Amino acid sequence: MTLWHDYYLAQSVADALHALRAHDGQARVIAGGTDLLLDLEEGDVPPPVALVDVSRIEEMTAIYRQGDHIYVGAAATHAQIVGSDLLREHATCLVESCGVIGGPQVRNVATIGGNVAHALPAADGTVSLVALEAEAQVARLDEEGHIQRSWLPILHLFLGPGRSAVDPTRELITAFRFPARMPHEGSAFDRIMRPQGVALPILGLAARVRLTPDGQRFAHVSLCIGPAGPVPFRAREAERTLEGQPVQAEEALDAAIESALQEARLRTSKYRATKAYREEMVRVLMRRVIPRAVDRAQGA
Ligand SMILES: Cc1cc2nc3c(=O)[nH]c(=O)nc-3n(C[C@H](O)[C@H](O)[C@H](O)COP(=O)(O)OP(=O)(O)OC[C@H]3O[C@@H](n4cnc5c(N)ncnc54)[C@H](O)[C@@H]3O)c2cc1C
């Protein structure tokens with residue numbers, strides 16, 4: 001069975017966007033192909049005439065700091081992210097989440113941009129990028145064929161399960177950026193996975209916390225839980241419940257867990273878990289991940 005006719009190895013963002021334009025909606029971006037090839041085989045996406053491979057575009061694989069932000073190219077592989085000392089320091093949760101995706105073969109080719117563009121609410125790298133309050137750079141060509149780039153809050157990219165606001169037949173996610181880690185900040189990620197599970201977790205949770213200068217209270221909290229709704233879920237009520245509270249207060253964490261359970265849209269899924277089990281796992285993960293982020297923020 002032929003799944004596509006032409007395979008185009010793009011050398012630059014301009015190159016990729018012009019290749020997409022030349023096919024007028026009949027070509028599609030491919031990065032590692034670990035989601036897309038399955039989707040094509042199963043008929044979940046229409047077969048494109050051409051695939052435009054973005055995995056060799058230098059600017060899309062770069063990981064660096066510029067000013068107060070950390071930049072991660074959308075075609076950076078999970079293995080690259082796990083191996084980055086810069087990200088270990090500034091985005092510990094992202095390193096932890098990319099480190100559990102698939103096995104080594106998958107992590108060597110699968111990319112963070114593909115993880116986000118596939119638009120599943122439980123995707124591990126995505127959950128951490130949301131907790132890091134990342135923005136995504138989306139590039140497209142205007143009428144005259146000039147590249148237009150815009151930075152969007154990452155949650156703006158998600159329309160529903162498997163539905164991205166980025167059209168991979170005409171647009172590219174080129175990079176992500178998020179604020180560099182400040183003093184008294186820390187992050188953590190963990191997930192609950194079936195032992196024999198290969199793709200998505202039963203539940204994942206990422207937290208980023210900033211503490212007051214004495215390290216005793218939450219100044220700012222950002223939490224992402226997935227899957228807890230049709231798009232990656234930012235637990236904003238739970239964040240507000242924690243902010244201003246002492247980090248050691250058990251009752252504050254208990255109240256935040258109750259807030260998260262109230263606002264989350266957990267559901268039973270046929271292959272992974274019941275709603276009741278997921279509720280219990282929200283409790284487990286919040287009690288595990290938030291104190292770990294606090295320890296890191298305190299410099300432990
Ligand atoms: C065995 C196995 C285990 C897995 N385990 C996990 C897991 O534990 N956790 C998890 O979260 N995922 C897992 N996955 C899913 C998958 O590996 C990840 O989602 C991966 O990050 C997808 O990246 P990719 O580069 O392979 O994307 P691709 O398959 O190349 O692309 C996915 C989609 O995104 C589009 N796209 C890709 N890059 C861009 C871009 N830069 N701009 C715009 N659109 C783009 C494509 O057109 C396609 O629609 C697993 C997959 C396999 C096969």
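Ile-225 is a good place to start: leaving aside residues up to four places away in sequence, its contacts are Leu-203, Leu-205, Phe-233, Ala-235, Ala-260, Ala-264 and Val-282. Keep in mind as you look around that this is a predicted model. Ile-225 also belongs to the largest nonpolar core, which counts 95 residues. From there, the tour below moves on to the strands, the domains and the ligand.

**The nonpolar core**

- Ile-225 shares a distinction with Ala-16, Val-52, Val-54, Ala-207 and Met-286: within the largest nonpolar core, these residues touch the most other members.
- Helix α12, spanning residues 275-297, is the top contributor to this core and supplies nine residues.
- As general background, nonpolar side chains in soluble globular proteins tend to be buried together.

**Strands β11 and β12**

- How much of strand β11 is buried? Seven of the eight residues in this strand (185-192) are buried, so to speak mostly covered.
- Strand β12 (residues 203-211) runs antiparallel to β11, and eight bridges join the two.
- One pairing to find on screen is Asp-190 with Leu-205, its bridge partner in β12.
- Leu-205 also turns up among the contacts of Ile-225.

**The three-stranded sheet**

- Three strands form an open sheet in the order β1-β3-β2, and their pairing is parallel.
- Why do β1 and β2 each have one side without a neighbour in the sheet? Both β1 (6-9) and β2 (27-30) stand at the edges with a single partner strand, so one side of each stays free of a neighbour in the sheet.
- On average, neighbouring strands in this sheet are turned by 25° against each other, with direction ignored.
- Strand β3 (residues 50-53) is joined to β2 by four bridges, and these two strands run parallel.
- Within that pair, Val-52 of β3 has Val-29 standing opposite.
- Helix α1 (residues 13-22) lies across β1, β2 and β3, and runs at about 170° to β3.

**Domains**

- The domain assignment divides the chain into domain 1 (6-53), domain 2 (58-179) and domain 3 (185-297).
- Between domain 1 and domain 3, the C-alpha centres are 35 Å apart.

**Around the ligand**

- Which residues are closest to the ligand? They are Ala-31, Gly-32, Gly-114, Asn-115 and Ala-117, out of 30 residues that surround the ligand.
- Two or more residues of this shell come from each of β2, α8 (112-117) and β10 (172-179).
- Helix α8 gives the largest share of the shell, four residues.

Conventions. Residues numbered from 1 in each chain as written. Predicted model: local features only at pLDDT ≥ 70, side-chain atom pairs only at ≥ 80, totals over all residues. Core = buried A, V, L, I, M, F, W, Y, C linked by C-beta atoms within 7 Å. Buried ≥ 20, exposed ≤ 12 C-beta atoms within 10 Å, placed from the backbone. Contact = placed C-beta atoms within 7 Å. Pairing = 2+ DSSP bridges. Domains from an automatic or database assignment. Axes fitted to C-alpha atoms, helices over the stretch in contact; angles between N-to-C directions. Near = placed C-beta within 6 Å.
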